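This report walks through a single chain from its charged pairs to its sheet and one of its helices. The sequence and the structure come first.

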Amino acid sequence: MGSVTHVLDDLEARGLIAHSTDPDALRADLTTGPITFYVGFDPTAPSLHIGNLLQLLTARRLQDAGHKPLILVGGSTGLIGDPKEAGERVMNTKETTAEWVERIRTQVSHFVKLDGDAAATLVNNLDWTEGLSTIDFLRDIGKHFPVNRMLAREVVSARLEAGISYTEFSYVLLQSLDYLELHRRHGCVLQTGGSDQWGNITAGVELVRRAAGAKVHALATPLITKADGTKFGKTESGTVWLDAELTSPYAFYQSWIQAEDSKVGEYLRQFTFVPVDEIAALETEHAEKPGLRAAQRRLAAEVTTIVHGADEAAAAELASGALFGRAELTDLPETTLGAALREAGAVELKATDSPTVVDAFVATGLAESKSAARRAVAEGGAYVNNERVTDPDLVLSGDQLLHGKWAVLRKGKRAISGVSVS
């Protein structure tokens, strides 16, 4: 492969292997390789999110080691929906699903190489399920699935009391069929995915063994969590999406800069291509001077560059610094400043009302009352555009507004908001 470290050793060092069907056999196949592997995404939303990003980056690591990725966007599985413990999914229309398939196909092609020796191929499972008759599906696929084994699956048994539809119960058959089809069509011998998909993935391995008499592999990455065990990738404002229209590059950058000290090294290993020994050095530096947040800043810059490109990452970094007084606000383009302030809960005020600093602090919620806002000014803890304010009755107009409309408000060191005056 030309790589010094075996790709499995790199995945192991980065904490990316939660489960593997037969690690020794997989290592042998990867070593004699190159092999073809696949990872699948269901279009249950118009964009992928941070959890999916981990799968795409894992695929890229395998591709960089010379192996060929098949990136599956599930035009048919997306119509059914993987069963969730929370209850029955709302089914999207065929038109919506088809539109989301196209959006996600465009999105995933950004993370893997589509040319060269190990060029990725984009596949859609609608291609082999759309023309499949119910009789053939039940005879050729259904006969390989013992119902008692399906009932024992964790997510199914959790739903039996409240009820689960036959549609969602059958999802595992469709996902397993994908593995069989990709094995037959492309010689695929490895499926990767998140550990929450392990039941579906191993069912596919079993189907390939029963229906094609072949031994294939499965590998799952761990569920990424915060220090308290809750799922990583959710913020107060909701899911962190990869689509810039759904989560602005600034908000995306902020979601990483806020990584907990105890988790930042883990995220650096899993979500970036920074060498493992360099990450260890960063962790040491971070332990000595946590206040500098060097590890978080590196993490945010790296992941934002991977997803949105170097220019957007630089703009987000500049905005993050500028809002907190570490860089010049006047250097920020209006699009970046606007996105950053909207993310920070900016509100709109009318110029005709001659809004004062006190009005703005109350309107944004930085102060709960006018007297509290006046107190913040009197105590020297109120800032407009990073300048300390001494006059609570200062009207926000003209020179105080960036790009003729924006004002950045800060109370103390960390509480930020803003207003647009129109």
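## A salt bridge between two helices

With a relative accessibility of 35%, Asp9 counts as partly exposed, and Arg27, whose relative accessible area is 31%, is partly exposed as well. In this predicted model, Asp9 and Arg27 form a salt bridge in which the closest N and O atoms are 2.8 Å apart. This pair links distant parts of the chain, since Asp9 belongs to helix 1 (residues 7-13) and Arg27 to helix 2 (residues 23-32), with their positions 18 residues apart in sequence.

## Other charged pairs

The structure holds 16 salt bridges, including one between Arg14 and Asp10, where the closest N and O atoms are 3.1 Å apart. Arg14 has a relative accessible area of 4%, and because buried means under 20%, Arg14 falls into that class.

Another of these bridges joins the side chains of Arg159 and Glu168 at 3.1 Å, N to O, and here both Arg159 and Glu168 are buried. Arg60, Asp64 and Lys113, in turn, are joined into one network by salt bridges that share partners.

## The sheet and its packing helices

Six strands make up an open sheet, arranged in the order 1-6-5-2-3-4 and with mixed pairing. Strand 1 (19-20) and strand 4 (121-123) stand at the edges with a single partner strand each, and therefore one side of each has no neighbour in the sheet. Within the sheet, strand 2 (residues 36-41) pairs with strand 3 (residues 68-73) in the parallel sense over six bridges, and Phe41 has Val73 of strand 3 as its bridge partner.

Helix 3 (residues 50-64) packs on this sheet, where it touches strand 2, strand 3, strand 5 (188-194) and strand 6 (217-221), and the direction of helix 3 makes about 165° with that of strand 2. Helix 5 (residues 94-108) also packs on the sheet, in its case touching strand 2, strand 3 and strand 4, with a direction that makes about 155° with that of strand 3.

## Gly78 in helix 4

Gly78 is found in helix 4 (residues 77-80) and is buried, with a relative accessible area of 6%. Leaving aside neighbours within four places in sequence, Gly78 is in contact with Asp42, Pro43 and Thr97. Gly78 and Tyr171 are 93 residues apart in sequence, while their C-alpha atoms lie 9.8 Å apart in space.

## Helix 11 and its acidic residues

Does the length of helix 11 follow from its residue count, or what span should its 16 residues have at 1.5 Å a residue? The expected span is 22 Å, and the end C-alpha atoms of helix 11 are 22 Å apart, which agrees. Helix 11 is mostly covered, as 13 of its 16 residues are buried, and just after this helix Gly187 takes a positive phi of about 70°.

Glu181 has its place in helix 11 (residues 171-186) and is buried at a relative accessible area of 16%; apart from neighbours within four places in sequence, Glu181 is in contact with Trp128 and His186. Asp178 also lies in helix 11, and is buried yet has no salt bridge, the nearest side chain of opposite charge being that of Arg185, 9.1 Å away. Not counting residues up to four places away in sequence, Asp178 touches Tyr38, Leu72, Thr77, Asn125 and Trp128.

Note on methods:
Residues numbered from 1 in each chain as written. Predicted model: local features only at pLDDT ≥ 70, side-chain atom pairs only at ≥ 80, totals over all residues. Heavy atoms only, no water. Helix = DSSP H or I, 4+ residues; strand = E, 2+ residues; numbered from the N terminus. Buried < 20%, exposed > 50% of the residue type's maximum accessible area, 1.4 Å probe, protein only. Contact = heavy atoms within 4.5 Å. Expected span 1.5 Å × (residues − 1). Lys, Arg positive; Asp, Glu negative; His and termini not counted. Salt bridge = Lys/Arg side-chain N within 4 Å of Asp/Glu carboxyl O. Pairing = 2+ DSSP bridges. Axes fitted to C-alpha atoms, helices over the stretch in contact; angles between N-to-C directions.
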